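User: Could you take me through this model one question at a time, and give the reasoning behind each answer?

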Amino acid sequence: MSLIFYDVKINYNKNKKYLFTKIFLNQGESLIEVENLSKVYGKFKALDGLNLTIEENEVFGFLGPNGSGKTTTINLLMGMLQPTEGRVSIAGIDVVRHPREIKKICGYLPENVGFYDNMSAKSNLLYFSEFYRMSKNEALSRINELLELVELDTDKKVGEFSKGMKQRLGMAQALLNDPEVIFLDEPTSGLDPQGARLFRKIIREQKKEGKTIFFSSHILSEVRDVCETVGILYRGKLITKRKIDEFSSGYRILVQPEPFDDNLMDLLSEFGEISMSDRMILITSERDCRLEVSKKLFENGYYLKELYIKDIDLEEVYMKAIGLEE
Amino acid sequence: MSVIVVAKKEFADQITSKRFIAFLIILLLVCIYSVYSGFFTSEREARNIFMAIATFGFNFIGSFLGLLVGFDLITKERESGSLKTLLSHPVFRDQVINGKALGAFGAFVIAVTLVTIITFGASLMKGFSTSMEDFVIAVKFIVVTSVYIFTMFSIGLFSSVIAKKSSTSLMIAFGIFLLVSFLMPFIGIMVAQSIVGPPPEVHYVETPDGSQGVEYNRIMDDYWERVRAITELFELLSPSNNYNRVVIDFLRPTEMYSFGARDTTKNIVGFILYPLVFFVLSYIKFLRSDIL
């Protein structure tokens, strides 16, 4: 661990005109490292020996039912809670020992984010900016940029904001210091479809800028849409963590031929495991055999109404993982 | 300096809040009325107005001001989620609580100064005599009264740190306030009576040399001295009593307040310790609590 070199000195970037923090990691070193992390409240184990590594510039989706420990994990990673046991480091910085340094390089959008209701969006952000070494002009410029990014153009006091508007402001405050690591806890809850789409766009843009994103959500389609890696937490334990495309072994090819008869089973069996339902055939194959399938069907006098690779059904994976645990 | 950033915001929030402004107006009205009504101010010396505004204004309404500023300082932020948002930025928890206390103290100093100056001005307009020494007393009064309101604030802050909801915090704060300000002297009397017992029955018989009378006085003085020692111990736990004693002490009482000429060192110590104890308890609890 001592080989990791990091620089948490705040630098001024003339091009971006706001502050940023440089992080240098040794090759093969993970940006976020969690070792045997536990959090106990009385007799209740909210988190039970979590081990997790997240690479730099990864978008990590954290799934799990209510009360599984997702928010507790994020709070521990942000240094908001003291772990009962275990160790967390981000960019080689020990979170428990140096929570302030962690907050300089991280941004956090909590679930049910709250602000000072008697202040406007801009005043709230200006207040938070005072904890970073930003001049007022730099802060104002960054704030205007962020409010434009989250499409929040209002002088109303936050107390008059809707849940969705607060959520947008929450995203702006999470990005205020141009963080290297962004923690998003149920970021799209309370957002309308347009807002949710905007958030997904922002996440993709942040990824392009090289940021690492830790993303907890209940909306599986959203996780599938933006995340590369997914972890499923259940009763405080990480039951699986994989690249999203590793959740499905092989290809699931859906075919809808015309006419539909029993001969199709024998005809397509050479491509893999076959199952039929509602005039559709599902071929589970180790390779993408769509061309061969279409050729074979055509040669045997069948026409194709549909032929496509079915996406990974994350819900299925999730339910299966949870079901196995139960 | 993050603590200054928090203090600046807290100060601005307080002095612009409806609650604070309402209390300030009530304080002003009560203090000016107390001067014009003539109670404590029959001697028409400007310094006497301090006793009037301490008794009528700050001792009671000032207590509520302190309590009501402090009771939801943390719970409100916890409930709204702003505390979590704030702590996700590079600021330590001790900076948050110190900044909040500093900002609130600043607001109390402003309130007390304003009320004192206006009431003092009103008394001069009414023809009260004044001297340079009165200005020194005014400064002392402002400091002591601000500390007194801060004491009540620290009780409110403590309940705000230990409670999860503002409504619970309000009940705890008022419970502590009632206990220390009103019930403690009564508890002292009850404890004294149970320890010392009823007054001794001494049959007073007049003798030609008066020795029986002297013995009677000695026994009764001894009895009341023991009662007073116990009740005073309990009174030390009452911030309002300590505040009164300290104010009386530096006003250099005229014959009217001659009862206050007793040694007030214990009261001064109690007066300073009270806010310290509650603030330190709040500080420790806040630093150790989980922000969920």
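User: Among contacts in chain B between residues at least 6 apart in sequence, what percentage join residues at least 24 apart?
Analyst: This is a predicted model, and what follows is computed from it. Chain B has eleven helices and zero strands, and 41% of its 292 residues are buried. Of the contacts in chain B between residues at least 6 apart in sequence, the share that joins residues at least 24 apart is 80%.

User: Which element gives the largest share of the side of chain B that touches chain A?
Analyst: The contact involves 16 residues of chain B and 20 residues of chain A. On the chain B side, two or more residues come from helix H1 (2-15) and also from helix H5 (82-87). By class, that side of chain B has six nonpolar, seven polar and three charged residues. The largest share, four residues, comes from H5(B).

User: Is H3(A) roughly parallel or roughly antiparallel to H5(A)?
Analyst: Helix H3 (residues 121-129) and helix H5 (residues 163-174) of chain A pack with their axes 10 Å apart, at an angle of about 25°. Because angles under 35 degrees count as roughly parallel, the relation of H3(A) to H5(A) is roughly parallel.

User: How many nonpolar residues are there in the contact of H3(A) with H5(A)?
Analyst: The crossing of these two helices, H3(A) and H5(A), is right-handed. From H3(A), A:Ala121, A:Asn124, A:Leu125 and A:Phe128 meet A:Leu169, A:Ala172 and A:Gln173 of H5(A). Divided by class, the residues of the contact of H3(A) with H5(A) include two polar and no charged, and the number of nonpolar ones is five.

User: Which are the edge strands of the open sheet with the order S14-S15-S13-S16 in chain A?
Analyst: This open sheet has four strands in the order S14-S15-S13-S16 (chain A), with antiparallel pairing, and its twist averages 20° from one strand to the next. An edge strand here pairs on one side only. In chain A the edge strands are therefore strand S14 (273-277) and strand S16 (303-309).

User: What is the bridge partner of A:Ile253 in S15(A)?
Analyst: Strand S13 (residues 251-258) and strand S15 (residues 280-285) of chain A run antiparallel and are joined by five bridges. Within S15(A), the residue that serves as bridge partner of A:Ile253 is A:Ile283.

User: Which residue takes a positive phi in the hairpin of S14(A) and S15(A)?
Analyst: S14(A) and S15(A) pair over five bridges in the antiparallel sense, and in S15(A) the bridge partner of A:Met276 is A:Ile281. Their hairpin has two residues between the strands, and the residue with a positive phi, near 45°, is A:Asp278.

User: Which residues form the covered face of S15(A)?
Analyst: Helix H9 (residues 290-299) of chain A lies across S13, S15 and S16 of chain A, and runs at about 165° to S16(A). In a regular strand the side chains alternate between the two faces of the sheet. The uncovered face of S15(A) has A:Met280, A:Leu282 and A:Thr284, whereas the covered face has A:Ile281, A:Ile283 and A:Ser285.

How values were computed. Residues numbered from 1 in each chain as written. Chains lettered and ligands numbered in written order. Predicted model: local features only at pLDDT ≥ 70, side-chain atom pairs only at ≥ 80, totals over all residues. Contact = placed C-beta atoms within 7 Å. Nonpolar A, V, L, I, M, F, W, Y, C, P; charged D, E, K, R; others polar. Axes fitted to C-alpha atoms, helices over the stretch in contact; angles between N-to-C directions. Parallel < 35°, antiparallel > 145°, perpendicular 65-115°, else oblique. Left-handed = near helix turned anticlockwise from the far one by under 90°. Buried ≥ 20, exposed ≤ 12 C-beta atoms within 10 Å, placed from the backbone.
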